[in-house]
Amino acid sequence: MFGLEALDLARIQFAFTISFHILFPAITIGLASYLAVLEGLWLKTRDDTYRDLYHFWSKIFAVNFGMGVVSGLVMAYQFGTNWSRFSDFAGSVTGPLLTYEVLTAFFLEAGFLGVMLFGWNKVGRKLHFFSTVMVAIGTLISTFWILSSNSWMQTPQGYEIVNGQVIPVDWLAVIFNPSFPYRLAHMAVAAFVATAFFVGSSAAWHLLRGRDNPAIRRMLSMAMWMALIVAPVQAVIGDFHGLNTLKHQPAKIAAIEGHWENVGNEPTPLILFGWPDMKAEKTRFAVEIPYLGSLILTHSLDKQVPVLKEFPPEDRPNSTIVFWSFRIMVGLGMLMIFTGLWSLWLRKRDTLYTSRPFLYLALWMGPSGLIAILAGWFTTEIGRQPWVVYGLMRTADASSGHSFVQMSITLALFVVVYFSLFGVGIGYMMRLVRKGPVTNEGAETSHGGPGQKRTPARPLSAADDDHDADHGTRLNKGN
């Protein structure tokens, strides 16, 4: 069907499940640190606005964390079911790294998560804050080990191959492989940026509906400060990451750039747009900027960038996909930088919370960070092909060899179950977002924002649960 084979379906199944999964840890990483900052500011200033925001976002964090754990379990099982030959070949490296993630990050998060979510009125303030910080640190430690494992598959180091299996001989080289520092920083910052725009979009939605109170304003303000500072930092990290990829995975860079051949000794242009044709071995409708490709990737005006025809056809990534996934990621990144700069200009004019065009942009940019993360992962993983472990094991040799019918059935089941289960979870989480934070007084105070003022709802009325109406106690039974 559609010219697909069982191997293609196995790859599609893994791509589908990991695309769902990566959205939840990204928001979990960002929200955990955001909650730690909110609680720390509340302890320092005793400003109840920070406390109100903490209670609001802790509910959303809890739902998101649960979906992340559930979707993550499936990923581990797939290594044994669909990619058993890969597990046999490289399991001595990837197995321990994933185990370290469980023993450090997961246990740390699990140990303090209950105190964080349920212990607000049951433990001391310092202990509760300590628990929140530990959960935030746990999410970053988890990122460390997961990115170490995945980066080793991109740039394997510290191993020997004995009897057809990878044997680690230098764990420091395995963990801190050449691409790991750049990919860790890129992913962690991406999670912070994605969360900032998620929070900022939520605030913009409420402001556009006339729900203007100090908590909503603080949400938007903090989100835009984060966007202003971190989005440009991400661009710089991306540049370093690109230089590292050029050194260790030149075929991936050639596919990203869509270049098939260089002309003499001329510097390589940048192809802004085009359509790489893998069969015809050329990029159709190319719009080029002379010299810029060499300047961006080699930081010079005379060096050339690797091109696809330098590699055998069987070793070329699918340029048609990664060419556009990369440009989607970069394009969204530029929009994020623009949004942050615009927010600074409006802040100086004291119109940040009342500019309807900006609020609509902030609203529409809500999913931009998550879309950019997905586009970046597609670029990274498809750009590694045809290797599952770069230069050591091809993807075609890594699968378990299931039949086309078996893979078709399981893929269809995954699609149905994921959209049903996680669709409900995401819908529930968005209902919580639409309710907005409950202020200390339990009602909004209008500051003349755009739109009309709306009557606030109970914090978890979307869930149809019974909650303590005494906001003065701040006892959040929804957590």
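**Briefing: a 13-helix predicted model**

The protein exposes about 21,600 Å², and carbon and sulfur atoms supply 66% of that area. Bear in mind that this is a predicted model. The fold has 13 helices alongside six strands, and buried residues account for 50% of the 479 residues.

**Overall shape and charge**
- For 479 residues, a compact globule would come out with a radius of gyration near 23 Å; the protein has 24 Å, so the two agree.
- If you're setting up a box, the C-alpha trace spans about 70 × 50 × 45 Å along its principal axes.
- Take the contacts between residues at least 6 apart in sequence: 77% of them join residues at least 24 apart.
- On the charge side, there are 37 positive and 33 negative side chains, and the centres of these two sets sit 9 Å apart.

**Helix α13**
- Helix α13 covers residues 404-435, which makes 32 residues; at 1.5 Å a residue it should span 46 Å, and its end C-alpha atoms are indeed 46 Å apart.
- Its buried residues are M407, L411, F414, Y418, F422, G425, M429, L432 and V433.
- Those buried residues of α13 pack against three helices: α1 (6-45), α2 (48-81) and α6 (180-208).
- Right after α13 comes G436, which takes a positive phi of about 80 degrees.

**Two residues in helix α6**
- R183 belongs to helix α6, and its relative accessible area is 7%, so this arginine counts as buried, the cut-off being under 20%.
- Leaving aside residues up to four places away in sequence, R183 touches L147, N150, S151, Q154, H241, W377, T380 and E381.
- A191 is in helix α6 as well, and with 0% relative accessibility it counts as buried.
- With residues up to four places away in sequence again left out, A191 touches A26, I29, G30 and I373.
- A26, I29 and G30, all touched by A191, fall within the 6-45 range of α1, a helix that the buried residues of α13 also pack against.
- From A191 to F180 you move 11 residues in sequence and 16 Å in space, C-alpha to C-alpha.

How values were computed
Residues numbered from 1 in each chain as written. Heavy atoms only, no water. Helix = DSSP H or I, 4+ residues; strand = E, 2+ residues; numbered from the N terminus. Rg over C-alpha atoms; globule rule 2.2 N^0.38 Å. Buried < 20%, exposed > 50% of the residue type's maximum accessible area, 1.4 Å probe, protein only. Contact = heavy atoms within 4.5 Å. Areas by Shrake-Rupley, 256 points an atom, 1.4 Å probe, with all protein chains shown as cover. Lys, Arg positive; Asp, Glu negative; His and termini not counted. Charge placed at Lys NZ, Arg CZ, Asp CG, Glu CD. Expected span 1.5 Å × (residues − 1).
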